[in-house]
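Colleague: I am new to this structure, and I would like to understand what stands behind each term as we go through it. Could we look at it together?

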Amino acid sequence: MNEAQDLFSLLRQSTDVDPLAIDAIKQTIAEGEDRELCRINAPAFAGKHGLDEERTIGAFLHAARVGIFDISWNVLCPGCGGVLDTNATLKTLQKDEYTCALCAEGYSPTLDEMVEVTFTVSPRVRRIAAHNPHELPLVEYFRQIYWGSGVDLPEEDFAKKIEAFSLEDIELAPGEKAFLLIQLPSEFIIVFEPVTHSAQFIDAKGEPTKERRSLSLVFDRDHVQSQTLEMQPGPMRISLENRTDTRVLPTVFIAGQALHDLLGKRRPFLTAKRLLTNQTFRDLYRTDTLDIDQRLKITSLTFLFTDLRGSTALYERVGDLSAFDLVREHFQVLHEIVAAEAGAVVKTIGDAVMATFATPDRAIAAALRMRDAMRALNDKSGREDLLLKIGVHAGPCIAVSMNERQDYFGQTVNIASRVQNLATAQAIFATRAVVDDNLTADLLHRKALTPVPHEVSLRGIEREIAVYTIP
């Protein structure tokens, strides 16, 4: 406990960490159930405790950095929400495709909705049952280890919810053999094993029979059963053998409404995409994000580019020292605005900034604030020294590691840069992908701003694209 106190004292030394979030984290560690400290969903934690989401995520990141939590990057099945793979860092996420045995589907991982980031209390701070997952009861293994934090599992009566669609289950030690006797109903049945992620489907239909059928299943790391067997309802003997070096938990599920109802309740979770566009994360984990050879897909990310118009003339007009102070102040203001709108500055190039946002509306909100801030700085100096050009575009991209920094590559990035080159200091330029976003449209409507469309040709882009001027 003394070490935990020392770590929290160290955490409180960070002036940009929300003290309310620290208090909530400390109280949960001291008083919460074990399951509340395993794979914590940071947005859900913020909602439960009435905290600001972004500041709460920042608090968890700082807490992980000092050793209070371990971060986990979990690959999720988009269908059932199950954890298909777990990684201590994003660098170890190397597979091109993951298969969910429960859903019998294969998926190419993206950082948008298929990779969650969770926080588990360090054993240095408090030991919890999930630190030894193979000792968890079956129900808690499903709750804490198999299903991701985006599945909104009930706090109370979870065991009863599982019982509603479970016919039978058993725990098998390494090398152990056993059998289950069940009465096969006229339902679609799944014999699912969550440790090895294997499944056997049985479509029980037709006339019931009194003749007992037999089925043999072997659990190992190399084979996952996914073919569907057709059988008549009636008695069945399932022989089971565990050929792994850990225990396995075969469970017989009825794939009916009760199962679908449980898995259909979802909640927002901290995606890898959102974390990569978080300024606190980029500052704390600057070189620890991606491996040099990784190319991770993002379905949609919003890019904002800025540049100072006429900066060379500015240095000539006001002198190097005054111009440098102005440009530095402009950078500081842009960084603060990007962070306040839940974005992250990827890099600066000369007098230009490249920033990313999880959603287009936050990028447009940042752009509007940037424009107002530059006007305020110019009003303060009494001159039109800072003329900021802003371009915004959203679309798919690839997250890469370049020059010891997490960066992005793809046509979306190129278009965003070209759109910024079109912009004037009086207007923000954005593409249709940005202004057609519902949240962006609501934002512009509230501010009584009407985007003006025009077709433009961009260097290196074959087709004309629609670009909108936001006056």
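Colleague: Which domains does the domain assignment of the protein give?

Modeller: The assignment gives domain 1 (1–148), domain 2 (166–255) and domain 3 (290–470), and the C-alpha centres of domain 2 and domain 3 lie 55 Å apart. Please keep in mind that this is a predicted model, in which the C-alpha atoms of the protein fill a box of roughly 95 × 60 × 40 Å along the principal axes. The protein holds 15 helices and 21 strands, and 55% of its 471 residues count as buried.

Colleague: How do you know what confidence the predictor has in the protein, and which elements have the lowest and the highest mean pLDDT?

Modeller: On a scale from 0 to 100, the protein averages a pLDDT of 91, with 95% of the residues scoring at least 70. Among the elements, helix H10 (residues 311–318) has the lowest mean pLDDT, 64, whereas helix H3 (residues 42–49) has the highest, 98.

Colleague: The structure holds 16 aromatic pairs; what makes Phe-60 and Phe-69 a pair, and why is that pair called tilted?

Modeller: A pair of aromatic rings is described by the distance of the centres and the angle of the planes. For Phe-60 and Phe-69 the centres are 5.1 Å apart, and since the limit is 6.5 Å, the two rings count as a pair. Their planes stand at 50° to each other, and because stacked requires under 30 degrees and edge-to-face over 60, the word that remains is tilted. Both Phe-60 and Phe-69 are buried.

Colleague: Why, then, is the pair of Trp-73 and Phe-281 called edge-to-face?

Modeller: Here the centres are 5.8 Å apart and the planes make an angle of 65°, so the angle is over the 60 degrees that edge-to-face asks for. This pair links distant parts of the chain, with Trp-73 in strand S1 (residues 69–76) and Phe-281 in helix H9 (residues 279–284), 208 residues apart. Trp-73 is buried, and Phe-281 is buried as well. Elsewhere, Phe-142, Tyr-146, Trp-147, Phe-165, Phe-192 and Phe-253 form one aromatic cluster.

Colleague: How do you know that the charged end of Arg-237 sits over the ring of Phe-179?

Modeller: The charged end of Arg-237 is 4.1 Å from the centre of the Phe-179 ring, and the distance part of the rule is met because the limit is 6 Å; the rule also asks for a position within 35 degrees of the ring normal. Lys-26 likewise lies over the face of Phe-8, at 5.8 Å from the ring centre.

Colleague: Which strands stand at the edges of the open sheet with the order S2-S1-S5, and why?

Modeller: The sheet has three strands with antiparallel pairing. Strand S2 (83–87) and strand S5 (115–121) each have a single partner strand, so one side of each is left without a neighbour in the sheet, and they stand at its edges. Neighbouring strands of this sheet are turned by 35° against each other on average, direction ignored.

Colleague: What makes S1 and S2 a pair of strands?

Modeller: Four bridges join S1 to S2, which run antiparallel, and because a pair needs at least two bridges, the requirement is met. The bridge partner of Trp-73 in S2 is Asn-87.

Colleague: What makes S15 and S16 a hairpin, and which turn residue has a positive phi?

Modeller: Strand S15 (residues 343–349) and strand S16 (residues 352–357) pair in the antiparallel sense over six bridges, and two residues lie between them in the hairpin. Gly-350 in the turn has a positive phi of about 65°, while the bridge partner of Thr-348 in S16 is Val-353.

Colleague: Why is Ala-104 called partly exposed, and why is His-197 called buried?

Modeller: Ala-104 has 41% relative accessibility, and because partly exposed covers the range between 20% and 50%, that term applies. His-197 has 18%, which is under 20%, so buried is the word. Ala-104 is in the loop between strand S3 (98–100) and strand S4 (105–107), and its phi is near 55°, a positive value in a residue other than glycine. The phi of His-197 is also near 55°, and His-197 is in the loop between strand S8 (188–193) and strand S9 (198–204).

Notes. Residues are numbered from 1 along each chain as its sequence is written. This is a predicted model: local features need pLDDT of at least 70, side-chain atom pairs count only at pLDDT 80 or more; totals for chains, interfaces and linings use all residues. Side-chain values use heavy atoms; hydrogens and water are left out. Domain bounds come from an automatic or database domain assignment. Rings of Phe, Tyr and Trp (its six-membered ring) pair if their centres lie within 6.5 Å; planes under 30 degrees apart count as stacked, over 60 as edge-to-face and the rest as tilted. Buried means under 20% relative accessible area, exposed over 50%, partly exposed in between (1.4 Å probe, protein chains only). Axes are lines fitted to C-alpha atoms, for helices over the stretch in contact, and angles run from 0 to 180 degrees between N-to-C directions.
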